[in-house]
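Visitor: I am new to protein structures, and I would like to learn how the words used for them are justified. Could you show me one and let me ask about it?

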Amino acid sequence: MKKIEAIIKPFKLDEVREALSDLGVSGLTVTEVKGFGRQKGHTELYRGAEYVVDFLPKIKVEIVVSSAMLETAVDAIIKAANTGKIGDGKIFVSSVEQVIRIRTGETDDAAL
């Protein structure tokens with residue numbers, strides 16, 4: 001099993017969610033986060049004063065999928081989240097040792 005963490009632009013969340021639902025992904029976790037990469041933030045004007053916004057608002061989407069479904073899910077996220085502009089985000093993939101559904105006690109693939 002693999003855990004996919006995708007950092008995306010906030011307005012792309014619905015497209016990513018729909019793309020993953022079409023693949024049969026049954027659940028995901030979404031967190032509002034702030035950060036920066038190569039984009040390095042930007043400057044804004046507020047009441048005549050210019051200030052630097054270092055951390056940009058992003059959305060972190062977390063899903064756990066079977067290893068066989070990994071490439072398909074990653075491709076779907078890339079296609080749905082891509083704008084072609086700087087700051088589109090990143091995808092991190094890591095291994096998951098065990099999954100347990102608390103309510104039923106099911107483990108691993110049955111718990112997904």
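Visitor: What share of the accessible surface belongs to carbon and sulfur atoms?
Guide: In this predicted model, the accessible surface of the chain comes to about 7600 Å², and 51% of that belongs to carbon and sulfur atoms.

Visitor: How do you know whether the chain matches a compact globule or not?
Guide: We set two values side by side. A compact globule of 112 residues would have a radius of gyration near 13 Å, but this chain has 17 Å. The C-alpha atoms fill a box of roughly 60 × 25 × 20 Å along the principal axes.

Visitor: Which elements make up the chain, and in what pattern?
Guide: There are 2 helices and 6 strands. Along the sequence they follow the pattern β-α-β-β-β-β-α-β.

Visitor: What makes strand E5 count as largely enclosed?
Guide: A residue is called buried when its relative accessible area is under 20%. In strand E5, residues 56-65, 7 of the 10 residues are buried, so the strand is largely enclosed by the rest of the structure. For the chain as a whole, buried residues make up 29% of the 112 residues.

Visitor: How do you know which strands pair with E5?
Guide: Pairing calls for at least two bridges between two strands. Strand E1 (residues 2-8) and E5 have 7 bridges, in the antiparallel sense. Strand E2 (residues 29-35) and E5 also pair in the antiparallel sense, over 7 bridges. You can find Lys60 of E5 in both pairings: Ile7 stands opposite Lys60, and Thr31 stands opposite Lys60 too.

Visitor: Why is Lys9 called buried?
Guide: Lys9 has 13% relative accessibility, and the cut-off for buried is under 20%, so Lys9 counts as buried. Its place is in the loop between E1 and helix H1 (13-23). Not counting residues up to four places away in sequence, Lys9 touches Lys58, Thr83, Lys85, Ile86, Gly87 and Asp88.

Visitor: And Leu20, is that residue buried or exposed?
Guide: Leu20 has a relative accessible area of 1%, which is under the 20% cut-off, so Leu20 is buried. Leu20 lies in helix H1. Leaving aside neighbours within four places in sequence, its contacts are Val25, Leu28, Ile63, Ala73 and Ile77. Leu20 and Val74 are 54 residues apart in sequence and 9.3 Å apart in space, C-alpha to C-alpha.

Visitor: Why is Leu112 called partly exposed?
Guide: Partly exposed lies between the 20% cut-off for buried and the 50% cut-off for exposed. Leu112 has a relative accessible area of 32%, so it is partly exposed. Leu112 is found in the segment after E6. Leaving aside neighbours within four places in sequence, Leu112 is in contact with several residues, among them Met1, Ser26, Val64 and Ser66.

Visitor: What about Asp108, which is also in the segment after strand E6?
Guide: Asp108 has a relative accessible area of 31%, between 20% and 50%, so Asp108 is partly exposed. Another point to look for is its positive phi of about 55 degrees, although Asp108 is not a glycine.

Visitor: What share of the contacts join residues at least 24 apart?
Guide: Among contacts between residues at least 6 apart in sequence, 71% join residues at least 24 apart.

Visitor: Lastly, how far apart are the mean positions of the positive and negative charges?
Guide: The chain has 16 positive and 17 negative charges, and their mean positions are 5 Å apart.

Notes: Residues numbered from 1 in each chain as written. Predicted model: local features only at pLDDT ≥ 70, side-chain atom pairs only at ≥ 80, totals over all residues. Heavy atoms only, no water. Helix = DSSP H or I, 4+ residues; strand = E, 2+ residues; numbered from the N terminus. Rg over C-alpha atoms; globule rule 2.2 N^0.38 Å. Buried < 20%, exposed > 50% of the residue type's maximum accessible area, 1.4 Å probe, protein only. Contact = heavy atoms within 4.5 Å. Areas by Shrake-Rupley, 256 points an atom, 1.4 Å probe, with all protein chains shown as cover. Lys, Arg positive; Asp, Glu negative; His and termini not counted. Charge placed at Lys NZ, Arg CZ, Asp CG, Glu CD.
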